[in-house]
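Notebook open, structure loaded. I want to go through the buried polar spots, the cysteines and the aromatic rings, in that order.

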Amino acid sequence: MFNWLKDKMNSRINSEMMGCIRQNLRFVDFVNNQERLNSSLDFYIEEIKEISLKMRAKTDSGENLTPDDNAELLDANKNCRRIWANEFGGSAFKFDKEFSTQ
């Protein structure tokens, strides 16, 4: 019975993290298509992209993300939101609407 619950929780977490990956990559595409004056963002955008692609490759190969993987992915998403607010004047509410997890 506990394995069923554990599997259900892992499935839910993996689903949420896949949404986070999609959201991060959509944000990266958005930023790469914008004219921006702040070229120092390039490092952060590339890092977000690399982390998200690495995690997507893990899940595509059938691996479950570890708690450390989840934390790294959520940190990347936090950086997306920070860049969205500071560089593009967006709000957290608009971030989720603009960059869907679906």
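Before I start, one cut-off: I call a residue buried when its relative accessible area is under 20%. I also note that this is a predicted model.

**Entry 1: Asn-24**

I looked up Asn-24 and found it in helix H1. Is Asn-24 buried or exposed? Its relative accessible area is 0%, so I put it down as buried. Next I asked which side chains Asn-24 has polar contacts with. One is Asn-77, where the side chains are joined by a polar contact of 2.8 Å. Another is Ser-52, with a side-chain to side-chain polar contact of 3.2 Å. Setting aside neighbours within four places in sequence, I listed the contacts of Asn-24 as Ile-48, Ser-52, Leu-73, Ala-76, Asn-77 and Cys-80.

**Entry 2: Ser-52**

Since Ser-52 came up, I checked that end too. Ser-52 sits in helix H2, which covers residues 41–60. Ser-52 has a relative accessible area of 0%, so it is buried as well. Leaving out residues up to four places away in sequence, I see Ser-52 touching Ile-21, Asn-24, Leu-25 and Leu-73. Leu-73 is also on the contact list of Asn-24.

**Entry 3: Asp-69**

I moved on to Asp-69, which lies in helix H3. With a relative accessible area of 9%, Asp-69 counts as buried. What does Asp-69 touch beyond four places in sequence? I found Met-55 and Lys-58. I also took the C-alpha to C-alpha distance from Asp-69 to Met-17: 9.4 Å in space, with the two positions 52 residues apart in sequence.

**Entry 4: the cysteines**

How many disulfides does a search of the whole structure find? Zero. Cys-20 is in no disulfide, and its nearest cysteine sulfur is that of Cys-80, 7.7 Å away. I checked why the sulfur of Cys-80 makes no bond there: at 7.7 Å, even the closest cysteine sulfur, in Cys-20, is too far. For my purposes a disulfide needs the sulfur atoms within 2.5 Å. Both cysteines are buried, Cys-20 with a relative accessible area of 7% and Cys-80 with 0%.

**Entry 5: aromatic rings**

I searched the whole structure for aromatic pairs and got 11. I wrote up two of them. Phe-30 and Phe-88 pair edge-to-face, 5.1 Å centre to centre with 65 degrees between the planes. This pair links distant parts of the chain: Phe-30 is in helix H1 (residues 2–32), Phe-88 is in helix H3 (residues 67–88), and they are 58 residues apart. I noted Phe-88 as partly exposed because its relative accessibility is 26%.

Trp-84 and Phe-95 are edge-to-face too, at 6.1 Å centre to centre and 65 degrees between the planes. Trp-84 is in helix H3 and Phe-95 in helix H4 (residues 92–98), so this pair ties together parts 11 residues apart in sequence. Trp-84 is buried at 8% relative accessibility, and Phe-95 is buried with a relative accessible area of 0%.

Then I followed the ring pairs outward. They link Phe-27, Phe-30, Trp-84, Phe-88, Phe-95 and Phe-99 into a cluster, so both pairs I wrote up belong to that cluster.

**Entry 6: a charge over a ring**

Last lookup: which residue lies over the face of Tyr-44? I found Arg-82 there, 5.4 Å from the ring centre.

Key: Residues are numbered from 1 along each chain as its sequence is written. This is a predicted model: local features need pLDDT of at least 70, side-chain atom pairs count only at pLDDT 80 or more; totals for chains, interfaces and linings use all residues. Side-chain values use heavy atoms; hydrogens and water are left out. Rings of Phe, Tyr and Trp (its six-membered ring) pair if their centres lie within 6.5 Å; planes under 30 degrees apart count as stacked, over 60 as edge-to-face and the rest as tilted. Helices (H or I, at least four residues) and strands (E, at least two) are DSSP runs, numbered from the N terminus. Buried means under 20% relative accessible area, exposed over 50%, partly exposed in between (1.4 Å probe, protein chains only). A charge sits over a ring if NZ of Lys or CZ of Arg is within 6 Å of the ring centre and within 35 degrees of the ring normal. Contact means heavy atoms within 4.5 Å. A polar contact is a pair of N or O atoms within 3.5 Å; within protein, one must be able to donate a hydrogen and the other to accept it, and residues adjacent in sequence count only if both atoms are side-chain atoms.
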